[in-house]
Every structure is written in C-alpha cells, then in structure tokens.
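Reader: I am new to this structure and would like a close look at a single part of it. Please take me through that part slowly, and then show me how the rest fits around it.

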Amino acid sequence: MKLTLVLVLLLCGLAGAQSKPLDGKPWDIGVWTGGGFSVPGGTTDTQAVNAGLRLGKVLTGDYGGGFVRGNFEWSADFMPLYVVVQPRNNAYGVAFNPVNLKWNFTSPQRVVPYLEMGGGVLFTNTEVPSFTSTTNFLTHAAFGLQFFVREKRAVSVSTRYEHISNAGLATPNPGVNTVQFTVGYHWFK
C-alpha cells in the first residue's frame, strides 16, 4: 500500500504543467503489461499475466461539464503474451481486443482518469479453463489513471475486471473471472 502511494505521488510530481494533452484528437500508441488473480463467479485458483500493444484514437472533443467533462476514445490491443496459470495445465496464448471503448475524464489535465469497456478473443495452446476450449472470448471493464509525465506522453495504471469464457463453444463453460492490474506507457500523437 505504501509503495502504491509513493508511486502515485512520484508520478504526480513528474507531471508538469502543460496544455491539455488529449486536445486535437490524437492517436494513442502504447505498451502495457499486467496480471491478476481469479475472483468468485468462475474457475478458482487461476492467475493471468499478459502484455500488449495498444493503438487508439481520441474520436471526439471534450463534452460535458465539471468532473464528467471528457472525450471518447476507441482503441485495440494486441497481446502477444497471455499466460493463464491454472491448477492443472498452464496455458500460453495470444489475444486481440479490437474494441475498447474509453471515456477520458479531461477536467484534471495532468492526471486523467478513465473508464473503459472492451472485448476480444484469446487463443491458447491448452484449454482455459481445463477441459473446455482453446478459443475463448475476453470482456473487461476497467478504471485507470493516465499520468502525463511529458507533453503527449503518459504512464497509465489501471484495475480491470476481466471475464474469460468460450461463449458456449464447448461444454462445460465455467469461465474465469479475474481482477488484473496493469501499467503502461503511451505516446499521444
């Protein structure tokens, strides 16, 4: 907990004054890594570790007033590394989330909170969960913070709830629910 507080304070200190970093509908190019653990509602004793590349585009100018003022962004993630640590067999795979819908709360300019929902597909070398399917679908909801450390450059941290399921492609379909934590670096061009 203390380490998290120190990290947040350090990043806030690095974020110098600048013009509004998400003006002009920039592209979001980023790299990130994350991981987490299973939570009730699906298969237990499971962890996920992943890393990805992000390409996104801020699609609108700012709308709204006060704290909810913000803009809408679309992005896609390619995850060449997606590891699912399971009690029986660990699974190694790749994933692609072509639809991430994100609302950037732009009232604060140096630290920009956001909400995101998205989804895609995961292909693994063995079944996730065990005895189900090697093809699964991913859906997630996330809350994150973007710390603008330089103009148009940000460090992001997020907490994400992710559901992994084969959507009935195989029986049984118990699914895996995880809470994951991510950190990334983004260039807005």
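Author: Trp187 is partly exposed in this predicted model, since its relative accessibility of 27% lies between the limit for buried, under 20%, and the limit for exposed, over 50%. Tyr185 also counts as partly exposed, at 24% relative accessibility. Together, Tyr185 and Trp187 form an aromatic pair of the edge-to-face kind, with 4.9 Å from centre to centre and 75° between the planes.

A search of the whole structure finds four aromatic pairs, and another of them joins Phe148 and Phe188, whose ring centres are 5.5 Å apart and whose planes meet at 40°, so that this pair is tilted. Because Phe148 lies in strand 6 and Phe188 in strand 8, which covers residues 176-188, the pair ties together parts that are 40 residues apart in sequence. Phe188 is buried, with a relative accessible area of 3%, and Phe148 counts as buried too, at 0% relative accessibility.

The strands just named belong to a barrel, into which eight strands close in the order 1-2-3-4-5-6-7-8, with antiparallel pairing; from one strand to the next, the twist averages 25°. At the start of that order, strand 1 (residues 27-38) pairs with strand 2 (residues 47-58) in the antiparallel sense over 11 bridges, and the bridge partner that Trp32 has in strand 2 is Gly52.

Strand 6, which runs over residues 135-150, also holds Asn136, a residue that is buried with a relative accessible area of 1%. A polar atom of the Asn136 side chain lies 3.2 Å from the backbone oxygen of Ser133. Beyond its neighbours within four places in sequence, Asn136 is in contact with several residues, among them Gly120, Val121, Leu122 and Val128, as well as Ile164, Ser165 and Asn166.

Ser75 can be described along similar lines. Ser75 is found in strand 3, residues 70-85, and is buried, with a relative accessible area of 0%. The side chains of Ser75 and Arg54 make a polar contact at 3.4 Å, and Arg54 also appears among the residues in contact with Ser75 once neighbours within four places in sequence are left aside, a list that includes Leu55, Gly56, Asn97, Pro98, Val99, Asn100 and Glu116.

One further arrangement involves an aromatic ring, although here the partner is a lysine: Lys102 lies over the face of Tyr114, at 4.4 Å from the ring centre.

Conventions: Residues are numbered from 1 along each chain as its sequence is written. This is a predicted model: local features need pLDDT of at least 70, side-chain atom pairs count only at pLDDT 80 or more; totals for chains, interfaces and linings use all residues. Side-chain values use heavy atoms; hydrogens and water are left out. Two strands pair if DSSP finds at least two bridges between them. Helices (H or I, at least four residues) and strands (E, at least two) are DSSP runs, numbered from the N terminus. Axes are lines fitted to C-alpha atoms, for helices over the stretch in contact, and angles run from 0 to 180 degrees between N-to-C directions. Buried means under 20% relative accessible area, exposed over 50%, partly exposed in between (1.4 Å probe, protein chains only). A polar contact is a pair of N or O atoms within 3.5 Å; within protein, one must be able to donate a hydrogen and the other to accept it, and residues adjacent in sequence count only if both atoms are side-chain atoms. Contact means heavy atoms within 4.5 Å. Rings of Phe, Tyr and Trp (its six-membered ring) pair if their centres lie within 6.5 Å; planes under 30 degrees apart count as stacked, over 60 as edge-to-face and the rest as tilted. A charge sits over a ring if NZ of Lys or CZ of Arg is within 6 Å of the ring centre and within 35 degrees of the ring normal.
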